[in-house]
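This report introduces a single protein chain to a reader who has not met it before. The sequence and the structure are shown first, and an account of surface, fold and charged pairs follows.

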Amino acid sequence: MKKLTFALCFALSSFALSSTHAAEGQRVTLTGELIDTWCYTSEIMYALGTAHHKCAVWCAVGGIPVSIRTDDDQVYVILKVEEDDTSVANPRLVQIQTHQVTVNADLYARDGVNYLIVDQVADDHGIVHVNHEDFGIQPF
């Protein structure tokens, strides 16, 4: 009986371990604007470009995830960037918030959400979406 119980426990734990292996990411190069995920998703205010730069920086420092929005309106949540070991209040992302960037990354998709592990910000075009004259500085 002990052998049967041990064998069952071993089989179940082996199955559980094999099913928890992380899926392999798909290698991608993406270009888009770094956005404040909360304001963009909730549409609480205009959340793009220079109009939203200050708020986007505050949100990034406060721990709101930074994402990349591509020209085809796809949004990718950044989990990690380059050698930094944190995604919350990541200094690298705060410095380039609302910039148009090109990144090399591993893409993971789960339950309709796209996640990126960025190993290189290959190009930084700065802020290219100038709109504060039309929308004022948000959130003011």
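The protein chain exposes about 8,700 Å², and carbon and sulfur atoms supply 58% of this area. The model is a predicted one. Of the 140 residues in the protein chain, 36% are buried.

**Fold**

Five helices and five strands are found in the protein chain. Along the sequence, these elements follow the pattern α-β-α-α-β-β-α-β-β-α. When contacts in the protein chain between residues at least 6 apart in sequence are considered, 67% of them join residues at least 24 apart.

**Salt bridges**

How many salt bridges does a search of the whole structure find? The search finds five. Three of the pairs are described here, and the table lists the separation of the N and O atoms for each.

| Basic residue | Acidic residue | N to O distance |
|---|---|---|
| Arginine 27 | Aspartate 106 | 3.2 Å |
| Arginine 69 | Aspartate 73 | 2.6 Å |
| Arginine 92 | Glutamate 82 | 3.2 Å |

The side chains of arginine 27 and aspartate 106 meet in a salt bridge. This pair links distant parts of the chain: arginine 27 belongs to strand E1 (residues 26-36) and aspartate 106 to strand E4 (residues 100-110), with their positions 79 residues apart in the numbering. Arginine 27 has a relative accessibility of 46% and therefore counts as partly exposed. Aspartate 106, at 23%, is also classed as partly exposed, since the buried class is reserved for values under 20%.

Is arginine 69, which pairs with aspartate 73, buried or exposed? Arginine 69 is buried, because its relative accessible area is 17% and the cut-off for burial is under 20%. Its partner, aspartate 73, is partly exposed at 44% relative accessibility.

A further salt bridge is formed by arginine 92 and glutamate 82. Arginine 92 lies in helix H4 (residues 91-95), while glutamate 82 lies in the loop between strand E3 (75-81) and H4, so the pair ties together parts that are ten residues apart in sequence. Arginine 92 is partly exposed, with a relative accessible area of 24%. Glutamate 82 is likewise partly exposed, at 24% relative accessibility. Elsewhere, salt bridges that share partners join Arg27, Asp106 and Asp119 into one network.

Definitions and conventions
Residues are numbered from 1 along each chain as its sequence is written. This is a predicted model: local features need pLDDT of at least 70, side-chain atom pairs count only at pLDDT 80 or more; totals for chains, interfaces and linings use all residues. Side-chain values use heavy atoms; hydrogens and water are left out. Helices (H or I, at least four residues) and strands (E, at least two) are DSSP runs, numbered from the N terminus. Buried means under 20% relative accessible area, exposed over 50%, partly exposed in between (1.4 Å probe, protein chains only). Contact means heavy atoms within 4.5 Å. Accessible areas come from the Shrake-Rupley method with a 1.4 Å probe; for residues, only the protein chains shown count as cover. A salt bridge is a side-chain nitrogen of Lys or Arg within 4 Å of a carboxyl oxygen of Asp or Glu.
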